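Please open the structure in your viewer and keep the selection tool at hand. The tour below goes from one selection to the next and says what is to be found at each stop.

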Amino acid sequence: MDDGAKEQRDPAWWGRRAWSLLSAVRAQAPLVQCITNLVSMDIAANALLAAGASPAMVHSLREVPEFTPRCDAVYVNVGTLSEDWLPSMCAAASAGRPWVLDPVAAAASGFRMEACLELLALRPAVVRGNASEILALADRSVAAASNFKGADSSHESVDALEAAKALALSSGAVIAVSGAVDFITNGEQVVGASNGVPMMQKITATGCAVTALIAAFVAVEPSDALVGAACALSIFGLAGEIGMESSKGPASLRMHLIDALYCLNEETVTSRVRIALQP
Ligand SMILES: Nc1ncnc2c1ncn2[C@@H]1O[C@H](COP(=O)(O)OP(=O)(O)OP(=O)(O)O)[C@@H](O)[C@H]1O
Ligand SMILES: Cc1ncsc1CCO
Ligand SMILES: [Mg+2]
């Protein structure tokens, strides 16, 4: 529960908020429809399950009218976009449920960029991307000028901070830029979440998985997507930190991160979540 309008959003407040939202996900098990890329389906579904949510990878256009209204949130990810999936993405995004967009490799092609912009116009609650993706969405010419690395970022998250603020204001979505520090903004406030380990970049689709987790947090806190997104990013990063303590490399981290997410308890979350309002 919220501490009230006059609360002091100090680190302890964020720790309590992150625990309360994770507890709500565990208690409510929100149903999250995922229309996500083929690489990410396994890790995204397993991250959602470990956190207590219910994933459903449902992407046929014919199922959207019946299925999407029964979901608590929708997750759309364009990582392996194809022409036949785009109508399902747009229909699910328009079904009146809170939804979250992951614009994987937005600058890969004109088709993908146009699809991302079309989806952005359908008012996602949150867009989570890496720095290169957010820079490209905010200004297509930046993408053309930079050293493009496909689904991986060629920028630091801080490089995309101003672009994220501008994109939040122009789109009305909360924008989250992942990286060493994850920045989350509604265009006015900026929150930094600094949990996580660099090895998470060496597991494919950890970004996709954390965007799925953001959708679960938005499902239980639809009225404050900024807080939901920041807490989901921090919780996922914390699971990465704990998982790294038992891991030798990306493959074992993938397993230990999911186990750590499942095992998180109140003491660990409230003492180790690192979220702060940026000046
Ligand atoms: N240098 C870093 N230090 C700590 N954590 C990091 C670092 N870079 C990324 N992360 C974390 O790794 C996760 C994935 O973020 P990343 O920016 O790599 O996403 P992405 O490029 O969209 O990934 P993908 O497309 O493979 O899903 C996030 O939880 C993020 O906080
Ligand atoms: C590697 C890759 N290619 C398309 S989607 C994806 C997963 C990380 O975004
Ligand atoms: Mg990504």
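Start by selecting Phe183, which stands opposite Gly192 in β8. Bear in mind throughout that the model is a predicted one. Now widen the selection to strand β7 (residues 182-185) and strand β8 (residues 190-193), which run antiparallel and are joined by four bridges.

From this pair of strands, go on to the whole sheet, which is open, has nine strands with mixed pairing, and follows the order β2-β1-β3-β4-β5-β6-β7-β8-β9. At its edges you will find β2 (54-56) and β9 (275-277), each of which pairs on one side only. If you look along the sheet, neighbouring strands are turned against each other by 20° on average, with direction ignored.

Next, select helix α9 (residues 206-220), which lies across β1 (31-35), β2, β3 (73-77), β4 (99-102), β5 (126-130) and β6 (174-178), and which runs at about 160° to β3.

Keep α9 selected and add helix α1 (residues 11-28), whose axis comes within 9 Å of that of α9, the two crossing at roughly 85°. Because of that angle, α1 counts as roughly perpendicular to α9. Where the two helices touch, Leu21, Ala24, Val25 and Gln28 in α1 meet Ala216, Phe217 and Val220 in α9. By class, this contact of α1 with α9 has six nonpolar residues, one polar residue and no charged residues.

Now replace α1 with α10 (225-244). Here α9 and α10 pack at an angle of about 135°, with their axes 8 Å apart, and that angle makes α9 oblique to α10. The crossing of these two helices is right-handed. To display the contact, select Val210, Leu213, Ile214, Phe217 and Val218 of α9 together with Ala225, Gly228, Ala229, Cys231, Ala232, Leu233 and Phe236 of α10. The residues of this contact of α9 with α10 divide into eleven nonpolar, one polar and no charged.

Which residues are the closest to ligand 1? Select the ligand and its surroundings, and you will find 23 residues around it, the closest being Asn130, Ser178, Gly196, Met200 and Gly207. The elements that give two or more residues to this shell are α9 and α10, and the largest share, four residues, comes from α9. In terms of class, the shell around ligand 1 divides into eleven nonpolar, ten polar and two charged residues.

Then move to ligand 2, and select Asn37, Val39, Ser40, Gly79, Thr80, Val104, Ala151, Thr204, Ala205, Gly207 and Cys208, which are the residues around it. The shell of ligand 2 divides into five nonpolar, six polar and no charged residues.

For the last stop, select helix α6 (residues 131-138) and helix α8 (residues 161-171), whose axes come within 9 Å and cross at roughly 50°. Because of this angle, α6 is oblique to α8, and α6 passes α8 in a left-handed crossing. The residues that make the contact are Ile134, Leu135, Leu137 and Ala138 of α6, and Ala163, Ala164, Ala166 and Leu167 of α8. Sorted by class, the contact of α6 with α8 has eight nonpolar residues, with no polar and no charged ones.

Notes: Residues are numbered from 1 along each chain as its sequence is written. Chains are lettered from A and ligands numbered from 1 in the order in which they are written. This is a predicted model: local features need pLDDT of at least 70, side-chain atom pairs count only at pLDDT 80 or more; totals for chains, interfaces and linings use all residues. Axes are lines fitted to C-alpha atoms, for helices over the stretch in contact, and angles run from 0 to 180 degrees between N-to-C directions. Angles under 35 degrees count as roughly parallel, over 145 as roughly antiparallel, 65 to 115 as roughly perpendicular and the rest as oblique. A crossing is left-handed if the near helix is turned anticlockwise from the far one by less than a right angle, and right-handed if clockwise. Two residues are in contact if their C-beta atoms, placed from the backbone, lie within 7 Å. Ala, Val, Leu, Ile, Met, Phe, Trp, Tyr, Cys and Pro count as nonpolar, Asp, Glu, Lys and Arg as charged, and the others, Gly among them, as polar. A residue is near a molecule or strand if its C-beta atom, placed from the backbone, lies within 6 Å of it. Two strands pair if DSSP finds at least two bridges between them.
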